[in-house]
Amino acid sequence: MIKIFKPCDFHVHLREGDLAKQVLAENNKQFQKILIMPNLNIPITNSKLLNKYRKHLLKNNKNLEILFTIYLNQNCSIKELSEMKKKKLFFSVKLYPKNATTNSSSGVSDIKKMTKFFEFLEKNEVPLCVHGEHVQFNDDPFEREKKFLDIELHWIRKNFPNLKITLEHITTKDSIDFVKQHNLIGATVTTHHLLENTYTFFGNHLKPELFCKPIIKNAKHQQALQKVVLSGHKKFFFGSDSAPHLKSKKFTEFCCAGVYSTKYSISNIIEFFYRNKKQSNLDKFLTLNGNNHYNLDYYREKITFRRNSNYKFKRFSKFKNDHLINYNFYKNFWSSI
Ligand code: NCD
Ligand code: ZN
C-alpha cells in the first residue's frame, strides 16, 4: 500500500468537443489539478476562444481544478492578455516554435519578435511554458532540444531574468543541466520519456503509439531523467503531456505525434518509484514540486493505492467509431482504494 496526495498533471491535452468530454472525465478520476494546453485546431490566442473553451470544459467538469493556458503568438494582444489575467481566466501562456509539433503551425518562428510579450509576462508574473525544440529543415530531430537551449532559451533567460519559465516534457541530460543551472525555471517530465528509450521505441518493432514530440531519446538521456526524478529534485515535476489521437491517425501512413497516457500514468509512476525504493519522493514529483514552482496550494487529503498483479489493462478506449490508444508500461497496476 502507498499513500499519496491526489496527483497533479502540469501538462495535458484535453482536445475539444466530445473527445474533450471523455478525456476530461478520465482526468477527473486521476488528478486533483491539471494544467491544460491550448493547441486546439484553432489555437486559443484570444478571449473569445478562451471563453468558449472554458465554458465547454467547466460545464463537463466535476471537481478537478483546471488551469488554462493561452497559445502565445504574434497575434495575441497585450491589452486582452491583461484583461483576461485580471479576471483570472488563464494561468500561463504556452510558446510553440512554429511547426515543432501537433497544431503548431501558428507558432512562433522568431522569438526576438516576442519581446513585448515576454516583458508583459515578466512584469505581471505570468508563467511561460515552453515547447523546447528548435526546428529547422534537415536538422536531426534528436538534436532539436539541445539546439533550443543554446539558441532560444539561453536568450530568453538572459533578457528576462524575472520571467518564470517551465521547460515542458524534457528528454535530455542537457535540459536537466540547463534547468539546474538557471534561476526561475522548472521542467515537466512525462511518463513515457521516463520509461521508454530509442531501444524500446524502435529497437525491434516500431511502436507508433510512442511517437511523440520531443522524440524519445536514448538510454543515457533516459537514465539521467530517471535519476533526477527519483531524487525528488524540486525543479522537476510531473506533466504527462498526455495527447490523445485517434487510432486511425496513429496506426497509419502519417502517424500523428502524441502519446495518450492519462489512464495508467499514475500507476506507472508509482510502480517506477516503488521498484526503485523511492516511494518517499512520489509526492514531491506528483504534487509538491509543481505546486511550489507555480506558488499554488493543493488538497492535502491522502489517497491509498494498492498493487495488483494479473491486472487486465485496456489497450484501447472506445471513442465513437474509433479508439484511443492507452499507454501502459508495467504489468502491475496500482489501483486507488
Ligand atoms: C502534442 C499534441 O498532440 O498535442 N504532441 C506531442 O507529440 N507531444 C503536442 C506537444 O505537446 O508537443
Ligand atoms: Zn504537450
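**Helices, sheets and a zinc site**

Biologist: What span should the 12 residues of helix α9 have at 1.5 Å a residue?

Modeller: Helices here are DSSP runs of H or I with at least four residues, and strands are runs of E with at least two, numbered from the N terminus. The expected span of a helix is 1.5 Å times one less than its number of residues. Helix α9 covers residues 219–230, and its end C-alpha atoms lie 16 Å apart, which agrees with the expected span because 12 residues should reach 16 Å.

Biologist: What pLDDT do local features need in this predicted model?

Modeller: Residues are numbered from 1 along each chain as its sequence is written, chains are lettered from A and ligands numbered from 1 in the order in which they are written, and side-chain values use heavy atoms, with hydrogens and water left out. This is a predicted model, where totals for chains, interfaces and linings use all residues, side-chain atom pairs count only at pLDDT 80 or more, and local features need a pLDDT of at least 70.

Biologist: Which residues of α9 are buried?

Modeller: Buried means under 20% relative accessible area, exposed over 50%, and partly exposed in between, with a 1.4 Å probe and protein chains only. The elements that cover the buried residues of α9 include α6, β9, α7, β10, α11 and α12, where contact means heavy atoms within 4.5 Å. The buried residues themselves are H221, Q222, A224, L225, Q226, V228, V229 and L230.

Biologist: How many residues of α12 are buried?

Modeller: Helix α12 has 12 residues and reaches 16 Å from its first C-alpha to its last. Its buried residues include L282, F285, L286 and N289. The helix is mostly covered, and of its 12 residues the number buried is nine.

Biologist: At about what angle does α12 run to β1?

Modeller: Axes are lines fitted to C-alpha atoms, for helices over the stretch in contact, and angles run from 0 to 180 degrees between N-to-C directions. Helix α12, residues 282–293, lies across β1 and β11, and its angle to β1 is about 20°.

Biologist: Which are the edge strands of the open sheet that contains β1 and β14?

Modeller: Two strands pair if DSSP finds at least two bridges between them. This open sheet has three strands in the order β1-β11-β14, with antiparallel pairing. Each edge strand pairs on one side only, and the two are β1 (2–5) and β14 (333–336).

Biologist: Which residue in β14 stands opposite F305?

Modeller: Strand β11, residues 302–308, pairs with β14 in the antiparallel sense over four bridges. In β14 the residue opposite F305 is S336.

Biologist: Which strands stand at the edges of the parallel sheet β2-β3-β4?

Modeller: This open sheet has three strands, and the pairing is parallel. An edge strand has a single partner, so one side is left without a neighbour in the sheet; that holds for β2 (8–12) and β4 (65–67).

Biologist: Which residue in β3 does D9 stand opposite?

Modeller: Strand β2 runs parallel to β3, residues 33–36, and three bridges join the two. In β3 the residue opposite D9 is I34.

Biologist: Which residues are the protein donors of the zinc ion (ligand 2)?

Modeller: Donors are N, O and S atoms within 2.8 Å of the metal, or 3.2 Å for Na, K and Ca; water is not among the atoms, so sites may look incomplete. In sequence the donor residues are spaced H-x1-H-x227-D. The protein donors lie 2.0 Å from the zinc ion and are H11 (NE2), H13 (NE2) and D241 (OD).

Biologist: Are H11 and H13 buried or exposed?

Modeller: H11 has 0% relative accessibility. For H13 the relative accessible area is 6%. Because these are the values, H11 and H13 both count as buried.

Biologist: What is the phi of D241 near?

Modeller: D241 lies in the loop between β10 and α10. The residue is buried, with a relative accessible area of 7%. Its phi is positive although D241 is not a glycine, with a value near 55°.

Biologist: What is omega at the cis peptide bond of K213 and P214?

Modeller: P214 has its place in the loop between α8 (198–202) and α9. The bond that joins K213 to P214 is cis, with an omega of about -10°.
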